[in-house]
Amino acid sequence: MNDLMGRIKDVARAMGITDVSVADASDWGTDPLVSSRIAVPGRPLSILPAAKSVVVIGVPLQKAILATAPSIYYKSLYDTVNILLDQAGERIALELGAEGFDAVYVPRDGYHGLAGLKMYQSAFFSHRHAAYLAGMGTFGINNAILTPDHGPRMRFTSIITSAELPSVGPMKREFCIKCRKCTKACPGEAIGDKPYPESVVRKERCLEVSAELAAKGISPCGRCIAVCPVGRDNSDPVPTDAAIAEIRKYVKNR
Ligand code: SF4
Ligand code: SF4
């Protein structure tokens, strides 16, 4: 299976994606944090009954662009990263299929945009919980996965497969330093002040902010992941205040 893992990584790397890890599909039912939050229909074994593994791929959101959020610049990055993840997910699923395994990717948008989120509160599959089980990071107070290199500035997608691939399990280390910068920065007062899952982001408040920004053409918000001090990328250069102010002027007139 090491050769197969190598080929999966090659497919991802050919698309510029270097963060690739694997979760054991049965862990959705045994890990207490995940099994308490993710109902049975949203688990890999419900989506692909032959599932043995979930390949999780991650793409960082550059700090320099996220520093401008909310903005047309960050919106464009967010949309582009989602497309890249979806395409890479399908490419990896096809590679696994060619090797004789069942494999399906799960799309980034598993909810139908803001309207769907308002109705369902979450996507039909949680890539964050998959990334946690694949050992890519641990949850922060902002409910995002905090990673060593990029803090919460990573987006993920998942490929569910019948291939039995080597997995490492969740990281033992907590990255969230409980500084609560995310809580203070949230314009919707949506973030609690306790670690996940004790505090869960109030989605309806986050959605209100997102809807206002969408009307201006600059959703998503992103402030709670922009301000997080966790991640080696915090030493990356960011645009000047003047450049950020200029970029933020570009909103739709309504
Ligand atoms: S901003 Fe601070 S409290 Fe919020 S997730 Fe990051 S480290 Fe944790
Ligand atoms: S995306 Fe914005 S509104 Fe939503 S929780 Fe984060 S900071 Fe708050």
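**Ligand shells, sheet and backbone geometry**

In this predicted model, R180 is placed in the loop between β6 and α9. The backbone of R180 has a positive phi of about 65 degrees, although R180 is not a glycine. Most residues other than glycine have a negative phi. R180 is also one of the closest residues to ligand 1, together with C176, C179, C182 and C228.

The shell around ligand 1 comprises 13 residues. Sorted by class, eight of these are nonpolar, two are polar and three are charged. The largest cavity is the space that ligand 1 takes up. Ligand 2 is surrounded by C186, P187, I191, C206, V209, C221, G222 and C224. Seven of the residues around ligand 2 are nonpolar and one is polar, and the shell has no charged residues.

Two cis peptide bonds were examined in the loops on either side of α10. Most peptide bonds are trans. One cis bond joins Y196 and P197, with omega at about 5 degrees. P197 belongs to the loop between α9 (181-185) and α10 (203-215). Another cis bond joins S219 and P220, and its omega is about 15 degrees. P220 falls in the loop that runs between α10 and α11 (223-226).

The strands β1, β2, β6 and β3, in that order, make up an open sheet of four strands with antiparallel pairing. At the edges stand β1 (19-24) and β3 (103-106), each of which pairs on one side only. On average, neighbouring strands of this sheet are turned by 25 degrees against each other, direction ignored. Strands of a sheet pair through backbone hydrogen bonds, either parallel or antiparallel. Between β2 (residues 53-60) and β6 (residues 154-161), the antiparallel pairing extends over eight bridges. Within this pair, P60 is positioned opposite M154 of β6.

Helix α6, formed by residues 72-98, lies across β2, β3 and β6. The angle at which α6 runs to β6 is about 20 degrees. Strand β6 thus appears in several of these features: β6 pairs with β2, is crossed by α6, and borders the loop that holds R180.

Key
Residues numbered from 1 in each chain as written. Chains lettered and ligands numbered in written order. Predicted model: local features only at pLDDT ≥ 70, side-chain atom pairs only at ≥ 80, totals over all residues. Heavy atoms only, no water. Near = heavy atom within 4 Å. 1 Å grid on protein atoms, 1.4 Å probe; cavity = no way out; pocket = protein on both sides within 12 Å on 5 of 7 lines; lining within 4 Å. Sits in = over half its atoms within 2 Å of the grid points. Nonpolar A, V, L, I, M, F, W, Y, C, P; charged D, E, K, R; others polar. Pairing = 2+ DSSP bridges. Axes fitted to C-alpha atoms, helices over the stretch in contact; angles between N-to-C directions. Contact = heavy atoms within 4.5 Å.
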